[in-house]
Amino acid sequence: DQVKLKFESQPAIYNHFLDIMKEFKAQTIDTPGVIERVLSLFHNHNALILGFNTFLPPGYRIEILNDGPGGAGGEGRVHVSTP
């Protein structure tokens with residue numbers, strides 16, 4: 001629902017997210033593949049990126065590290081933990 005609300009004025013992005021999730025559920029793409037696609041789709045939308053952890057299997061986790069040049073106010077860099 002967060003994704004739908006965020007991209008309400010951009011239905012193509014929301015539909016692309018749904019397509020990614022369908023492929024993931026059908027196991028057409030693996031977990032690293034779905035993470036890569038979602039990170040690209042949600043670039044600069046940290047709350048959505050972090051919220052995607054809900055869909056990941058145990059052992060996988062996406063974190064935003066705010067240690068870049070922008071500090072805590074910057075967009076941060078993404079760290080993905082894998083099993």
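**Figure 1. The start of helix H3, where Asp30 meets Gly33.** In this predicted model, a side-chain oxygen of Asp30 comes to within 2.9 Å of the backbone nitrogen of Gly33 at the start of H3. Helix H3 covers residues 31-41, and Gly33 is one of its buried residues. If you follow the helix onward from this contact, Val34, Ile35, Val38 and Leu41 are buried too.

**Figure 2. Thr31 and its surroundings in helix H3.** Let us stay in helix H3, which is where Thr31 sits. Thr31 counts as buried because its relative accessibility is 11%, under the 20% limit. Setting aside residues up to four places away in sequence, Thr31 touches Phe24, Leu56, Pro57 and Tyr60.

**Figure 3. What covers the buried side of helix H3?** Among the elements that cover the buried residues of H3 are H2, S1 and strand S2 (77-81). The residues being covered are Thr31, Gly33, Val34, Ile35, Val38 and Leu41. For the wider setting, the protein has four helices and two strands, and these run α-α-α-α-β-β from the N terminus on. Buried residues make up 25% of the 83 residues in the protein. Of the contacts with a separation of 6 or more, 35% are between residues 24 or more positions apart.

**Figure 4. The salt bridge between Arg37 and Glu23.** How many salt bridges does the structure hold? There is one, and it is formed by Arg37 and Glu23, whose closest N and O atoms are 2.8 Å apart. The pair links distant parts of the chain, with Arg37 in helix H3 and Glu23 in helix H2, 14 residues apart. Side chains of opposite charge can pair when their charged atoms come close. Are the two partners buried or exposed? Neither label fits: Arg37 counts as partly exposed because its relative accessibility is 36%, and Glu23 counts as partly exposed because its value is 26%. Partly exposed residues fall between the 20% limit for buried and the 50% limit for exposed.

**Figure 5. Asn53 in the loop between helix H4 and strand S1.** Here we turn to a loop residue. Asn53 is found between helix H4 (46-51) and strand S1 (61-65). Asn53 is buried because its relative accessible area is 10%, again under 20%. A polar atom of the Asn53 side chain lies 3.0 Å from the backbone oxygen of Leu50. Leaving aside neighbours within four places in sequence, Asn53 is in contact with Arg61 and Ile62.

**Figure 6. The largest pocket and its lining.** The last view shows the largest pocket, which holds about 180 Å³ of space. Which elements give two or more residues to its lining? They are helix H1 (2-6), helix H2 (11-25) and H4. H2 gives the most, with three residues. The full lining consists of Asp1, Gln2, Val3, Tyr14, Phe17, Leu18, Phe42, Leu48, Gly51, Phe52, Thr54 and Phe55. By residue type, the lining divides into eight nonpolar, three polar and one charged. Phe52 and Thr54, both among the lining residues, make a handy link back to the loop of the previous view.

Definitions and conventions. Residues numbered from 1 in each chain as written. Predicted model: local features only at pLDDT ≥ 70, side-chain atom pairs only at ≥ 80, totals over all residues. Heavy atoms only, no water. Buried < 20%, exposed > 50% of the residue type's maximum accessible area, 1.4 Å probe, protein only. Polar contact = N/O pair within 3.5 Å; in protein donor to acceptor, adjacent residues only side chain to side chain. Contact = heavy atoms within 4.5 Å. 1 Å grid on protein atoms, 1.4 Å probe; cavity = no way out; pocket = protein on both sides within 12 Å on 5 of 7 lines; lining within 4 Å. Points joined across faces, edges and corners; volume = space filled by probe spheres on them. Nonpolar A, V, L, I, M, F, W, Y, C, P; charged D, E, K, R; others polar. Salt bridge = Lys/Arg side-chain N within 4 Å of Asp/Glu carboxyl O.
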